[in-house]
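Biologist: I should like to learn how to read a structural model step by step. May we begin with the molecule that is bound?

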Amino acid sequence: MPANLTPEYLAADARFKNAKTTAEKIEALEEMFATIPKHKGTEKMQADIKRRLAKLRSEQAKRPASRAGLLYKVEKEGAGQLALVGPPNSGKSALVRALTHATPQVADFPFTTRAPQPGMMAFEDIQFQLVDLPPVHPEIHEAWVYQIIRNAEAALLVVDLSDPDLLEDLETTLAELVKAKVHLGRGPAPEVVGWLQKRALLIGNKCDLRGAEEELEILRELYGARFDILALSAATGEGLERLRRAVFEMLELVRVYTKAPGHKLDKSAPYVLKRGSHLVDLAAMVHHDFVTQLKYARVWGHGKFEGQMVNRDYILADQDVVELHR
Ligand SMILES: Nc1nc2c(ncn2[C@@H]2O[C@H](COP(=O)(O)OP(=O)(O)O)[C@@H](O)[C@H]2O)c(=O)[nH]1
Ligand SMILES: [Mg+2]
């Protein structure tokens with residue numbers, strides 16, 4: 001291996017090795033080619049990347065798009081998967097770029113995003129998986145997009161606050177989702193088999209642009225009951241920290257740190273559970289033996305005595321430190 005490979009290159013190389021679809025492989029190779037240091041020592045590698053790219057591109061060209069589409073599936077990672085949903089050009093890809101290390105293409109023409117592009121978004125000490133998608137739009141109905149939306153824990157519904165057609169675009173997006181039997185946000189979904197209600201945040205992107213303030217007011221008035229609404233800018237970064245927390249709150253999760261008796265606390269990797277989970281649910285995640293053998297636990301956390309003793313039906317709180325005893 002030649003020296004001087006950048007972290008960007010190595011990350012793309014790892015993505016290539018884990019890629020499941022041709023589109024993912026092509027994306028990763030393109031990034032590898034863009035980030036490989038261009039000097040004599042990497043010439044063979046450069047040529048190799050180009051050769052692999054050419055091969056994959058010709059394979060992809062031969063395959064009908066709809067068939068290729070069936071292969072798009074994103075393995076879940078982290079504490080929850082969020083699908084990016086919205087009209088063309090609202091800034092879905094820009095948002096994924098701003099929040100994760102993924103690098104989906106951003107462009108000021110519509111329909112740039114063709115394949116799902118996952119990336120991990122950090123919130124404090126946990127990660128959520130964002131999945132960038134092609135726009136939800138009547139002209140590009142691809143079934144796999146709706147499968148991913150249905151399968152995700154929640155959606156980020158992204159609209160462009162600087163767009164005079166904002167409301168129309170939002171209505172069009174929601175209407176397409178109705179065709180796919182998905183109801184985003186609060187309010188009743190039809191009580192018919194096959195319908196799905198999906199949690200969603202409504203994101204007013206491009207708050208850095210003129211007119212955003214007024215559009216946001218209108219959005220709040222018309223959609224405030226159905227969605228929690230966040231104004232932000234993928235371009236300037238304004239509001240992104242609030243979004244990370246809003247996702248955590250929306251998914252109703254708690255983070256719990258475990259500690260073996262007599263050992264130091266390792267705060268690096270919390271267990272993540274649904275809000276309302278009991279001590280015994282945590283015990284089952286730590287080790288299946290604990291389910292039967294757990295006697296009690298000591299808990300350190302907000303509003304508790306240090307090391308307070310609790311039993312199996314104790315309801316875990318976010319950021320509890322738990323010492324399990326059998
Ligand atoms: N001013 C501004 N432009 C943005 C922002 N987010 C995205 N854009 C621009 O909007 C266009 C569409 O962005 P893109 O992420 O490709 O939209 P997508 O089709 O929803 O994925 C690009 O030209 C971006 O540079 C933002 O927060 N502020
Ligand atoms: Mg896009």
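**Reading the model: a dialogue**

Modeller: Let us start from one contact: a polar side-chain atom of S93 lies 2.9 Å from an oxygen atom of ligand 1. Please keep in mind throughout that this is a predicted model.

Biologist: Which polar backbone atoms lie 2.9 Å or 3.1 Å from an oxygen atom of ligand 1?

Modeller: One belongs to N89, with a distance of 2.9 Å to an oxygen atom of ligand 1. Another belongs to A235, where the distance to an oxygen atom of the ligand is 3.1 Å. As for cover, ligand 1 taken alone exposes 580 Å², and the protein buries 84% of that area.

Biologist: How many residues surround ligand 1, and which are the closest?

Modeller: The shell consists of 17 residues, and the closest are G91, K92, A94, K206 and D208. By kind, the shell divides into seven nonpolar, six polar and four charged residues. Helix α5, residues 92–99, gives the most to this shell, with three residues.

Biologist: K206 has been named among the closest residues. Where is K206 found, and what is its phi?

Modeller: The general idea comes before the case. Most residues other than glycine have a negative phi. K206 has a positive phi, near 65°, and it is not a glycine. K206 is found in the loop between β6 and α8. With a relative accessible area of 22%, K206 is partly exposed.

Biologist: What is the phi of K181, and where is its place?

Modeller: K181 is likewise not a glycine, and its phi is positive, at about 60°. Its place is in the loop between α7 and β5. K181 is partly exposed, because its relative accessible area of 37% falls between the cut-offs of 20% and 50%.

Biologist: Let us turn to the interior. How many residues does the largest nonpolar core have?

Modeller: One looks for buried nonpolar residues whose side chains are joined. Here the largest nonpolar core has 36 residues, and those with the most contacts inside it are V85, I149, L177, L184, L202, L219 and F227. Several helices and strands each supply at least two residues of this core, including β1 (81–85), α7 (166–179), β6 (196–205) and α8 (212–223). Helix α6 gives the most to this core, with five residues.

Biologist: With which residues is L177 in contact, leaving aside its neighbours within four places in sequence?

Modeller: With those neighbours set aside, L177 is in contact with V85, V136, Y146, I149, V182 and L184. Apart from this core lies another, of 27 residues, among them A102, A154, L156 and A246.

Biologist: How far apart in space are G119 and A102, which are 17 residues apart along the chain?

Modeller: Distance along the chain and distance in space are read separately. The C-alpha atoms of G119 and A102 are separated by 4.9 Å. G119 is found in strand β2, and at 8% relative accessibility G119 counts as buried. Not counting residues up to four places away in sequence, G119 touches T100, A102, F128, Q129 and L130.

Biologist: Is P104 buried or exposed, and where is its place?

Modeller: P104 is buried, with a relative accessible area of 1%. Its place is in the loop between α5 and β2 (117–123). Beyond its neighbours within four places in sequence, P104 is in contact with S93, V96, R97, Q117 and D132. The C-alpha atoms of P104 and V182 are 78 residues apart along the chain and are separated by 25 Å.

Biologist: Why does Q46 count as buried?

Modeller: Q46 counts as buried because its relative accessibility is 13%, and the cut-off for buried is under 20%. Q46 is found in helix α3, residues 43–62. Leaving aside neighbours within four places in sequence, Q46 is in contact with F33, I36, P37, K38 and H39. Q46 and F33 are 13 residues apart in sequence and 6.6 Å apart in space, C-alpha to C-alpha.

Biologist: To finish, what does the side chain of T21 reach at 3.1 Å?

Modeller: It reaches the backbone nitrogen of E24. T21 lies in the loop between α1 (7–18) and α2 (22–35), and at 6% relative accessibility T21 counts as buried.

Note on methods:
Residues are numbered from 1 along each chain as its sequence is written. Chains are lettered from A and ligands numbered from 1 in the order in which they are written. This is a predicted model: local features need pLDDT of at least 70, side-chain atom pairs count only at pLDDT 80 or more; totals for chains, interfaces and linings use all residues. Side-chain values use heavy atoms; hydrogens and water are left out. A nonpolar core is a set of buried Ala, Val, Leu, Ile, Met, Phe, Trp, Tyr and Cys residues joined through side-chain atoms within 4.5 Å. Buried means under 20% relative accessible area, exposed over 50%, partly exposed in between (1.4 Å probe, protein chains only). Helices (H or I, at least four residues) and strands (E, at least two) are DSSP runs, numbered from the N terminus. Contact means heavy atoms within 4.5 Å. A residue is near a molecule or strand if one of its heavy atoms lies within 4 Å of it. A polar contact is a pair of N or O atoms within 3.5 Å; within protein, one must be able to donate a hydrogen and the other to accept it, and residues adjacent in sequence count only if both atoms are side-chain atoms. Accessible areas come from the Shrake-Rupley method with a 1.4 Å probe; for residues, only the protein chains shown count as cover. Ala, Val, Leu, Ile, Met, Phe, Trp, Tyr, Cys and Pro count as nonpolar, Asp, Glu, Lys and Arg as charged, and the others, Gly among them, as polar.
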